[in-house]
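These are my notebook entries on a structure that was new to me. I set down what I looked up, in the order in which I looked.

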Amino acid sequence: MTGICTGRVAVVTGAGRGLGRAHALALAAEGAHVVVNDLGVAPDGAGTSAGPAQQVADEIRAAGGRAVAHTGDITTIDGAASLVTTALDAFGRLDALVNNAGFLRDRMLVNLDEDDWDTVIRVHLKGHFLPLRHAAAHWRAEAKAGRRPDARVVNTSSGAGLLGSVGQGNYSAAKAGILGLTLVAAAEMARYGVQINAIAPAARTRMTEQTFADTMAAPAEGEFDAMAPENVSPLVVWLSSTASDGVTGRVFEAEAGRITVMEGWRPGPTADKGSRWTPTEAGETARTLLAAAEVPQPVYGAR
C-alpha cells in the first residue's frame, strides 16, 4: 500500500471499534504499519476481549497492509510501555500515536459517584497521558542520539471538553484535560521533532449512538452518512503524516464533511482600575464587561 503515510508506523488506541477502527484502517490504506490497541471492553468499561483488536489487525492484513494487535491496558504503566515496545519490536520504529480509547459512565452531577468519576478520568485522561509519556520518552531519546524523529501525536477530545455536556461531568472534565495536556506536550516536545494536536470529533460510535440517538441516526439509503466515523479519519491520517509539517498545538473539530480550527480561551473585554476594586465596583464592572463580551455557546443538552 502507498499513500501519505507510506513506511510510517502508527499506534492507535481504542482501535477495535468506532472511530479508532476507522482511523486504523484509514492509516493502513495510506501505507502506515499499524499497532491496533484495544482492551475489548463494553461501552461502560466492563470486561475485556482480545477479539476487536485482532479482528481489525486481521482486516488490515487481509487488505494487503501490515498490522499487529495489542490488547494491553494503556491506563497502566506496563500496558502503555508495551504499546511502544510492540511498535518497535514489530516494525522497528514509531512515527505516530493516535490516542482514542475511552468509554462513558454518564450521570447527572448529584448522582455521579466517585468510581464513575475516577474510572472515566483514568481511561480518558490517564489513558492519553501514559502512552504519550512513553512515546515522548522514546522520541526524545532518538533525538538525543542524533536520530531526530518526524513524529506526530493526535489526541482525542470532544465537544464536551470544549463546551461541556449535561450529564457528562466526568467525561467533559477528562476531555477538557486532554486539551490542556495537548498544549503543554506540543510546547515541550517541539524541540525533539514531535508535533502534537487534538481533534474533537462528532461521529456515530457506541458512546454516542445512545446518548445522542436523534443526531446519530443512520441516514436513508443513498444519502451521505454525516455521522460515519470514517468521515473523521482523513484529518487524523493527515495529522499523522509528514504532510502536516508545522502544525502543532492546535485543536480541530471534525464532523461529516466539516473541519473547523478551534480557537480557545483568549482575553475579551477588560477593565483596569489601577487599584483594588470594592466588591460592588467589581460586580458593576463585571456586568459592563459581560455586556460587551460575546455570548458563549450553550452547553450540550442544556435546557
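**Entry 1: the sheet**

I began with the strand order and found an open sheet of 8 strands, arranged β3-β2-β1-β4-β5-β6-β7-β8 with mixed pairing. At the edges I noted β3 (67-70) and β8 (258-262), each of which pairs on one side only. I then looked up the twist: neighbouring strands of this sheet are turned by 20° against each other on average, direction ignored. I kept in mind that the model is predicted.

**Entry 2: β7 and its two neighbours**

I next followed strand β7, residues 251-255. On one side, β7 pairs with β6 in the parallel sense, over 5 bridges. On the other, 5 bridges join β7 to β8, and these two strands run antiparallel. I recalled that strands of a sheet pair through backbone hydrogen bonds, either parallel or antiparallel.

Which residues stand opposite E255 of β7? I found A202 opposite E255, and in β8 the bridge partner of E255 is R258.

I also examined the connection between β7 and β8, which form a hairpin with 2 residues between them. In the turn, A256 has a positive phi of about 55°. As for cover, I recorded β7 as mostly covered, with 4 of its 5 residues buried.

**Entry 3: helices across the sheet**

I turned to the helices. Helix α4 (residues 114-144) lies across β4 (96-98), β5 (151-156) and β6 (194-202). I noted its direction as about 175° to β5. Helix α8 (residues 233-240) lies across β4, β5, β6, β7 and β8, and runs at about 150° to β5.

**Entry 4: H124**

Within helix α4 I looked up H124. Is H124 buried or exposed? H124 counts as buried because its relative accessibility is 0%, and the cut-off for buried is under 20%. I also found a polar contact of 3.2 Å between the side chains of H124 and K175.

**Entry 5: N37**

My last residue was N37, which has its place in strand β2 (residues 33-37). With a relative accessibility of 2%, N37 therefore counts as buried. A polar atom of the N37 side chain lies 3.2 Å from the backbone oxygen of G72. I then listed what N37 touches, not counting residues up to four places away in sequence: V12, T13, G14, A15, G16, A53, H70, G72, I74 and L83. G72 thus appears in my notes both for its backbone oxygen and as one of the residues that N37 touches.

Definitions and conventions
Residues are numbered from 1 along each chain as its sequence is written. This is a predicted model: local features need pLDDT of at least 70, side-chain atom pairs count only at pLDDT 80 or more; totals for chains, interfaces and linings use all residues. Side-chain values use heavy atoms; hydrogens and water are left out. Two strands pair if DSSP finds at least two bridges between them. Axes are lines fitted to C-alpha atoms, for helices over the stretch in contact, and angles run from 0 to 180 degrees between N-to-C directions. Contact means heavy atoms within 4.5 Å. Buried means under 20% relative accessible area, exposed over 50%, partly exposed in between (1.4 Å probe, protein chains only). A polar contact is a pair of N or O atoms within 3.5 Å; within protein, one must be able to donate a hydrogen and the other to accept it, and residues adjacent in sequence count only if both atoms are side-chain atoms.
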